[in-house]
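Let's go through this fold by question and answer. Have a look at the model first.

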Amino acid sequence: MLEQSRLYSFLDSKSGFAIHFLDGQHLIHDLALIHDIPGPAFAYLRDAFLGFMPVISFLKPGENLGIYIDSETPYFRFKIETNHGGQTRTLLLPENFSQFPLKISGSARVAKQFPGNRAPYTSIVEFSQSESKDLVNQIIRESYQVTAEVVVSEAADQSILVSKLPPINVNQHNLGDETPSLKAYLKKNHAFFHDIFDEHLSDVQKVVSAFEAGPYAYLSSRQVTLTCPCSQDHMVGNLRMLYAADLDHLFADGDPISVKCDYCKKNYHITRAEIAKAPLQN
């Protein structure tokens, strides 16, 4: 039985790097149960999901993040919404999409929401014939503007985000010393990271011990789960907002209607009376 997926954070204080390791084996298992899409498309969903999930390590308590990819060539829509606590939902549309795109042209919208009704942060990243496996790193470079890179494993449903710390975050004994570049650090630790992937670790103590066998000090971890906040009331409210003046068209084929959540695939049966009495949302 697989352990619940977790995102682990480690520190290499001597070299000045933070490492965020995602064990996503349970997540990918659950994704396969939820999303009934062809093999090549699911392989892309798997890679994109594992690539973007470690980015939640940049979030602070109470913050939410949405990444929305609108690919025009080939045409598809990928969405992932998550928060600091690791509650996540994702989808790939259209449902009959059956490719693993090697190159993508389109745009990505990154939307970050803050607690306390602060104005959200939004950025748009354009890409033209970009390597699909490098898309998350392009977004990190252009939207987050940090020196970091995600490595997605081919051997296991896991990934690692390697982030170079600014000098102020490096231990005092390292100040004034030249730390390696991100490229040099990734090359130096390539074998170590892939050895971790090859072990398919999911037990918390074993993951921590494996990294502590290297130059890494364990900082923290958080559970990451697939969670959808959809509900009957939420679906009714959306339909009320969209069809309040056109209920005859909405229920032309009968009452009740069946509505499926794109994210978790749960079906809701909704009556005309429910929508008619629901308050209009602003």
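Q: What covers the buried residues of α3?
A: Quick ground rules: this is a predicted model, where local features need pLDDT of at least 70, side-chain atom pairs count only at pLDDT 80 or more, and totals for chains, interfaces and linings use all residues. Residues are numbered from 1 along each chain as its sequence is written, and side-chain values use heavy atoms, with hydrogens and water left out. Helices (H or I, at least four residues) and strands (E, at least two) are DSSP runs numbered from the N terminus, and contact means heavy atoms within 4.5 Å. The cover includes α2 (39–52), β3, β6, β7, β8 (148–152) and β9 (158–164).

Q: How many of the ten residues of α3 are buried?
A: Buried means under 20% relative accessible area, exposed over 50%, partly exposed in between (1.4 Å probe, protein chains only). Among those that pass are Leu 135, Ile 139 and Tyr 144. The helix is largely enclosed by the rest of the structure, because the buried count is eight.

Q: Which strands stand at the edges of the sheet?
A: Six strands form an open, mixed sheet in the order β7-β6-β3-β4-β5-β11, where pairing takes at least two DSSP bridges between two strands. Two of them have a single partner strand each, so one side of each is left without a neighbour: β7 (121–131) and β11 (225–226).

Q: What is the bridge partner of Ile 67 in β6?
A: Strands β3 (residues 64–73) and β6 (residues 103–113) pair in the antiparallel sense over nine bridges. For Ile 67, the partner is Val 110.
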